[in-house]
Amino acid sequence: MRKITLFAALLISFPLLATAADYDKLVDSVDKEKASDSVDSEKLAGSVDGTDVDYKKAYDSVDKKKAADSVDVDKAKEALGQ
């Protein structure tokens, strides 16, 4: 569940994730505990039905403000080569 939370935080905070030059630094730019706290795990679990994922429900399970606050922007910019 933590990997999904981390990915969700990064995805919401940095739409240009695909351009990341250093994924390890990018992952390190996220406070994992804060990122985990930004996701309502019950809502996230409810977004999965067998092998189908309701991406709208998954997206809505994340508190966007908390997710964004879990990212150290300076470290993320460095990882993105900016």
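# A guided look at the predicted model

Visitor: How many salt bridges does the count come to?
Guide: This is a predicted model. A pair counts if a side-chain nitrogen of Lys or Arg is within 4 Å of a carboxyl oxygen of Asp or Glu. By this rule, the number of salt bridges is 4.

Visitor: Which side chain meets Lys25 in a salt bridge?
Guide: Start from Lys25, which lies in helix α2. The salt bridge runs from N to O over 3.1 Å. The partner of Lys25 is Glu78.

Visitor: How many residues apart in sequence are the parts that Lys25 and Glu78 tie together?
Guide: Lys25 belongs to helix α2, residues 23-28. Glu78 belongs to helix α7, residues 73-79. The pair therefore ties together parts whose separation in sequence is 53 residues.

Visitor: Is Lys25 exposed or partly exposed?
Guide: Its relative accessibility is 38%. Exposed requires over 50%, and buried requires under 20%. The value for Lys25 falls in between, so this residue counts as partly exposed.

Visitor: How far apart in space are Lys25 and Ala76?
Guide: Along the sequence, 51 residues separate Lys25 and Ala76. In space, take the distance from C-alpha to C-alpha. For this pair it is 7.1 Å.

Visitor: Where is Lys75, and how many residues separate it from Leu26 in sequence?
Guide: Lys75 has its place in helix α7. Its C-alpha is 7.1 Å from that of Leu26. In sequence, the two are apart by 49 residues.

Visitor: Which residues make up the largest nonpolar core?
Guide: In soluble globular proteins, nonpolar side chains tend to be buried together. Here the largest such core has 7 residues in all. They are Leu26, Val30, Ala35, Val71, Ala76, Ala79 and Leu80.

Visitor: How many residues does the second core have?
Guide: The second core is separate from the largest one. Its members include Val39, Leu44, Ala58 and Val62. The full count for this core is 5 residues.

Visitor: What share of the chain counts as buried?
Guide: The chain has 82 residues. Buried means under 20% relative accessible area. The share of residues that count as buried is 30%.

Visitor: Which residue forms a salt bridge with Lys32?
Guide: The closest N and O atoms in this pair are 4.0 Å apart. Lys32 is partly exposed, at 34% relative accessible area. Its partner counts as exposed, at 52%. That partner is Asp28.

Visitor: How far apart are the closest N and O atoms of Lys56 and Asp60?
Guide: Both residues sit in helix α5, residues 55-60. They are 4 residues apart there, which is about one helical turn. Their salt bridge has its closest N and O atoms at 2.8 Å.

Visitor: Which of Lys56 and Asp60 is exposed, and which is partly exposed?
Guide: The cut-off for exposed is over 50%. Lys56 has 54% relative accessible area, so Lys56 is exposed. Asp60 has 36%, so the partly exposed residue is Asp60.

Visitor: Which residues form the nonpolar patch on the surface?
Guide: Together they have about 300 Å² of accessible area. One of them lies in strand β1, residues 48-49, and is partly exposed at 43% relative accessible area. The patch is formed by Val48, Val53 and Tyr55.

Visitor: How far is Val48 from Ala58, C-alpha to C-alpha?
Guide: Val48 is part of the surface patch. Ala58 belongs to the second core. Along the chain they are 10 residues apart. Their C-alpha atoms are separated by 8.2 Å.

Visitor: How many aromatic pairs are there, and over which ring does the charged end of Lys64 sit?
Guide: The count of aromatic pairs is 0. The charged end of Lys64 sits 4.0 Å from a ring centre. That ring belongs to Tyr59.

Visitor: What pattern does the chain follow along the sequence?
Guide: The chain has 7 helices and 2 strands. Read along the sequence, the pattern is α-α-α-α-β-β-α-α-α.

How values were computed. Residues are numbered from 1 along each chain as its sequence is written. This is a predicted model: local features need pLDDT of at least 70, side-chain atom pairs count only at pLDDT 80 or more; totals for chains, interfaces and linings use all residues. Side-chain values use heavy atoms; hydrogens and water are left out. A nonpolar core is a set of buried Ala, Val, Leu, Ile, Met, Phe, Trp, Tyr and Cys residues joined through side-chain atoms within 4.5 Å. Buried means under 20% relative accessible area, exposed over 50%, partly exposed in between (1.4 Å probe, protein chains only). Patches are made of residues with over 30% relative accessible area and no salt bridge: like charges are joined within 9 Å, nonpolar side chains (Val, Leu, Ile, Met, Phe, Trp, Tyr) within 5 Å. Accessible areas come from the Shrake-Rupley method with a 1.4 Å probe; for residues, only the protein chains shown count as cover. Rings of Phe, Tyr and Trp (its six-membered ring) pair if their centres lie within 6.5 Å; planes under 30 degrees apart count as stacked, over 60 as edge-to-face and the rest as tilted. A charge sits over a ring if NZ of Lys or CZ of Arg is within 6 Å of the ring centre and within 35 degrees of the ring normal.
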